[in-house]
Amino acid sequence: MEQAFLKYLAQQKQTLPTETLGIGDDAAVLSWPAETKLVVCTDLISDETDFHLADVTPQQIGRKALAINISDIAAMACQPVGALLTLLLPKGDVSLPLAQGIYEGAAQLGEQFGCPIIGGDTNTWPGKVAVSVTVFGRCPAEKPLLRKGAQPGDAIFVTGQLGGSILGHHIDFTPRVHEALQLRQICGLSAGMDLSDGLSIDLPRLCEQSRVGAEIESRPLPVSPAAIQMAAGTGKTPQWHALNDGEDFELLFTVPAGEVERLEREWSGPVPITRIGTILADPGVWLVNEKGSREPLQPEGFSHQ
Ligand SMILES: [Mg+2]
């Protein structure tokens with residue numbers, strides 16, 4: 001199977017920058033501008049834990065495995081430049097078409113973001129599908145954007161809309177690379193991350209790294225149509241889903257108060273950005289509800305005893 005897959009890979013065309021060496025040699029080669037920081041991340045997804053093979057196409061698996069990593073590179077306001085794709089596949093006839101489909105989905109997304117698949121490995125075993133992707137990114141600024149750096153008084157923003165990702169967004173989301181780079185050109189972001197586990201879990205992580213607290217408001221939360229749809233079935237509010245559902249893969253970022261006006265004036269989209277709250281000096285993450293009262297923001301929903 002591995003030989004047949006290598007033969008397939010040899011026939012695939014990807015756009016590679018000059019001096020980049022992709023699949024085919026013992027190792028890949030990337031040229032690197034002097035004094036430029038390399039950022040690298042990796043993620044492993046597997047059947048039954050992160051997706052159900054029966055419900056998705058191999059292309060969707062490959063696309064998602066790369067997209068979640070590109071989203072992490074975007075979270076650092078960096079440009080992805082190449083990816084390694086490693087597959088562990090069930091033994092049998094299914095493994096070759098599965099490998100080809102996963103590669104195809106990843107390579108298509110990679111093409112869109114200037115992030116070719118430059119290497120990886122494939123093996124079969126008596127278990128389920130697992131896909132590991134590693135992405136290399138280049139930092140266009142002096143420093144990558146970190147979770148650390150938010151200051152009291154900074155405004156908290158998110159891109160896009162939140163909640164209800166499980167209805168489809170988690171499979172076909174677009175990593176916010178262009179948005180992160182554009183934001184950083186407009187204003188001085190103080191901290192940022194991507195929303196993978198839900199705002200109520202991820203915002204405290206940013207606050208912890210920055211050693212600050214935060215207050216977010218329920219009213220301006222950009223609730224997605226999918227969150228409204230979810231709420232109709234769960235009996236929770238759409239805002240609850242926007243706060244607690246995972247896999248939005250939007251950017252959460254903070255902006256010094258003095259830069260907010262410029263950002264809002266100069267942001268040209270097409271993905272919306274929304275101010276949802278403010279960084280506080282004291283630890284603790286709070287939600288100001290529609291009636292104006294403040295309660296702790298609890299991960300996985302607020303418990304009103
Ligand atoms: Mg992340």
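## Where Asp26 sits

Helices and strands here are DSSP runs, numbered from the N terminus. With that in hand, we can place Asp26: this residue lies in the loop that runs between α1 (2–11) and β1 (38–46). Keep in mind that you're looking at a predicted model.

Is Asp26 buried or exposed? Its relative accessible area is 80%, and because anything over 50% counts as exposed, Asp26 is exposed.

## One annotation, three aspartates

Asp26 doesn't stand alone in the record. An unreviewed UniProt entry gives the feature "binding site" to Asp26, Asp72 and Asp194. These residues are spread over 169 residues of sequence, and they are spread out in space too, with up to 33.4 Å between C-alpha atoms. Which of them help line the largest pocket? The lining includes Asp72 and Asp194.

Now for Asp72 itself. You'll find this residue in helix α2, which covers residues 58–75. Its relative accessibility is 26%, so it falls between the 20% and 50% cut-offs and counts as partly exposed. If you skip its neighbours within four places in sequence, Asp72 is in contact with Cys41, Asp43 and Asp194.

## A pair that gathers

UniProt (again an unreviewed entry) also has a "binding site" annotation covering Asp43 and Asp72. The pair spans 30 residues in sequence, yet their C-alpha atoms are no more than 9.7 Å apart, so they gather at one spot. Both names turn up in the lining of the largest pocket, which includes Asp43 and Asp72.

Asp43 belongs to strand β1. With a relative accessible area of 29%, Asp43 is partly exposed. What does Asp43 touch, once neighbours within four places in sequence are set aside? Its contacts are Ile68, Asn69, Asp72, Val131, Ser132 and Val133.

## Over to strand β4

Let's finish with Ala130, found in strand β4 (residues 130–138). Its relative accessible area is 14%, and since buried means under 20%, Ala130 is buried. Not counting residues up to four places away in sequence, Ala130 touches Leu44, Ile45 and Ser46, along with Thr86, Leu87 and Leu88.

How far apart are Ala130 and Glu261? Along the sequence they are 131 residues apart, while in space their C-alpha atoms are 45 Å apart.

How values were computed
Residues are numbered from 1 along each chain as its sequence is written. This is a predicted model: local features need pLDDT of at least 70, side-chain atom pairs count only at pLDDT 80 or more; totals for chains, interfaces and linings use all residues. Side-chain values use heavy atoms; hydrogens and water are left out. UniProt positions are given in the numbering used here, feature names are shortened, and annotations may be inferred rather than shown by experiment. On a 1 Å grid over the protein atoms alone, a cavity is a set of points where a 1.4 Å probe fits but cannot get out, and a pocket is an open set with protein on both sides within 12 Å along at least five of seven lines; lining residues have an atom within 4 Å of a point. Helices (H or I, at least four residues) and strands (E, at least two) are DSSP runs, numbered from the N terminus. Buried means under 20% relative accessible area, exposed over 50%, partly exposed in between (1.4 Å probe, protein chains only). Contact means heavy atoms within 4.5 Å.
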